[in-house]
Amino acid sequence: MKIKFLGVRGSLPTPLTNNEYHQRLREVITLALQKKIQIENIETFIESLPLNLRTVFGGNTTCVVVTSESGKSYVIDCGTGIRPLGDELIKGDCGQGKGEIHIFITHTHWDHIQGLPFFKPLYIKGNILNFYSPYIDLEERLIAQQRDSRFFPAPFEKTLSTKKFILLKPESPIVFDDGLTVDCYPLKHPDGSYAYRFKQNGKIFIFATDVEFTGEVFEKVGSETDFFLNADLLVIDSQYTLDESFFKFDWGHTAYTAAVNCGIRWHVKKLVLTHHEPSYSDEKLATIYTEALEHREAMKTQTPELFMAVEGLVFTL
Ligand SMILES: [Zn+2]
Ligand SMILES: [Zn+2]
């Protein structure tokens, strides 16, 4: 399985501002002048920069694409990150009206569906879009967000692709013909959300946002949290700092410290922190990453391996 991040921002699209960009330019140019960098060493210099200077974490809202061993695309959520995926897909079968895409929906808060009206394969006759979720009214929800011409000119139900809606039951896996299995698990979030677990060739990838994991959840290593055990890769909501999570108790998101605790407790190999808070700058996200590493050290362990979700980041399992 190959897992690629196309949208990692929580709640609201968050472009880099001019002020942030100029501040970054100042810091990078100052460092380059201090180190007397030659043109032929630019790539090495970029690699050597601290995380906040070399990384734009990304402003698009949630979208991840899983490519199975057979090359099939499985998408999780339709945040604004799905727009560039659509642009890519129409260069292939989807541009000829011969594409088939499988889309899993965690829940229908705006930041998880607002990219769908800008997903070009939706408008091409012959493409088949299969939507999977435990929501019996998913079609109605998607029609509702794209119904009124005062807000968007093309109604969802009039788009030319074929849409199919497949209802999932928590912990009842769906098996695809390439051997990939997917099941889901309900999460604590306002109006609910679902985690998805992908398995293929003995590898496990779990995607779990939007969710408020607290001590009381991750300490249960009984049947209730078996779903999350032993993942090769767990992508987890970590929208807040610990302090902010106290102010935003019950808002349905997790502090990065609790996210790291989950990864340790559930014997996860690689843990990716995602659904970044829109008011956090890249600098703050880089600090959160350093503090997450320190928190793991304080827990006296080297696992899981920790990552921040970044647009364009790819994992191969
Ligand atoms: Zn969200
Ligand atoms: Zn949400």
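These legends accompany several views of a predicted model.

**View 1. The whole protein, with nine helices and 14 strands.** We start with the full chain, whose secondary structure comes to nine helices and 14 strands. The radius of gyration is 20 Å, close to the 20 Å that the globule rule gives for 317 residues, so the protein is as compact as a globular protein of that length. Along the principal axes, its C-alpha atoms fill a box of roughly 60 × 50 × 40 Å. Buried residues account for 40% of the 317 residues. Of the contacts between residues at least 6 apart in sequence, 72% join residues at least 24 apart.

**View 2. An open sheet of seven strands.** Follow the strands across this sheet and you will meet them in the order S7-S8-S9-S10-S11-S12-S13, with mixed pairing. The edges are formed by strand S7 (174-175) and strand S13 (305-308), each of which pairs on one side only. As a reminder, strands of a sheet pair through backbone hydrogen bonds, either parallel or antiparallel.

**View 3. Strand S12 beside strand S11.** Here we move in on strand S11 (residues 233-237) and strand S12 (residues 270-274), which pair in the parallel sense over five bridges. Two residue pairs help you find your way along them: Leu234 has Leu271 in S12 as its bridge partner, and Asp237 stands opposite Thr274 in S12. How many of the five residues of S12 are buried? Four of them are, so S12 is largely enclosed by the rest of the structure.

**View 4. From S12 through H9 to S13.** On to the pairing of S12 with S13, which is also in the parallel sense, this time over four bridges. Within this pairing, Leu273 stands opposite Met308 in S13. The chain passes from S12 through H9 to S13, making a β-α-β crossover that is right-handed. Helix H9 (residues 282-298) lies across S12 and S13, and runs at about 165 degrees to S13.

**View 5. The loop between H9 and S13.** Two backbone features are worth a look in this loop. Lys300, which lies in the loop between H9 and S13, has a phi near 60 degrees, a positive value in a residue other than glycine. Is Lys300 buried or exposed? With 7 other C-beta atoms within 10 Å, Lys300 is exposed. Further along, Thr303 and Pro304 are joined by a cis peptide bond with omega at about 0 degrees. Pro304 is likewise found in the loop between H9 and S13.

**View 6. The loop between S9 and S10.** Asn201 is the residue to find here, in the loop between strand S9 (193-200) and S10. Although Asn201 is not a glycine, its phi is positive, at about 50 degrees. Asn201 is exposed, with 10 other C-beta atoms within 10 Å.

**View 7. A cis peptide bond from Thr209 to Asp210.** If you are checking backbone torsions, pause at this bond: the peptide from Thr209 to Asp210 is cis, with omega near -15 degrees. Where does Asp210 sit? Its place is in the loop between strand S10 (203-208) and helix H6 (215-218).

Key
Residues numbered from 1 in each chain as written. Chains lettered and ligands numbered in written order. Predicted model: local features only at pLDDT ≥ 70, side-chain atom pairs only at ≥ 80, totals over all residues. Pairing = 2+ DSSP bridges. Contact = placed C-beta atoms within 7 Å. Axes fitted to C-alpha atoms, helices over the stretch in contact; angles between N-to-C directions. Rg over C-alpha atoms; globule rule 2.2 N^0.38 Å. Buried ≥ 20, exposed ≤ 12 C-beta atoms within 10 Å, placed from the backbone. Right-handed = clockwise from strand over helix to strand, strands pointing away.
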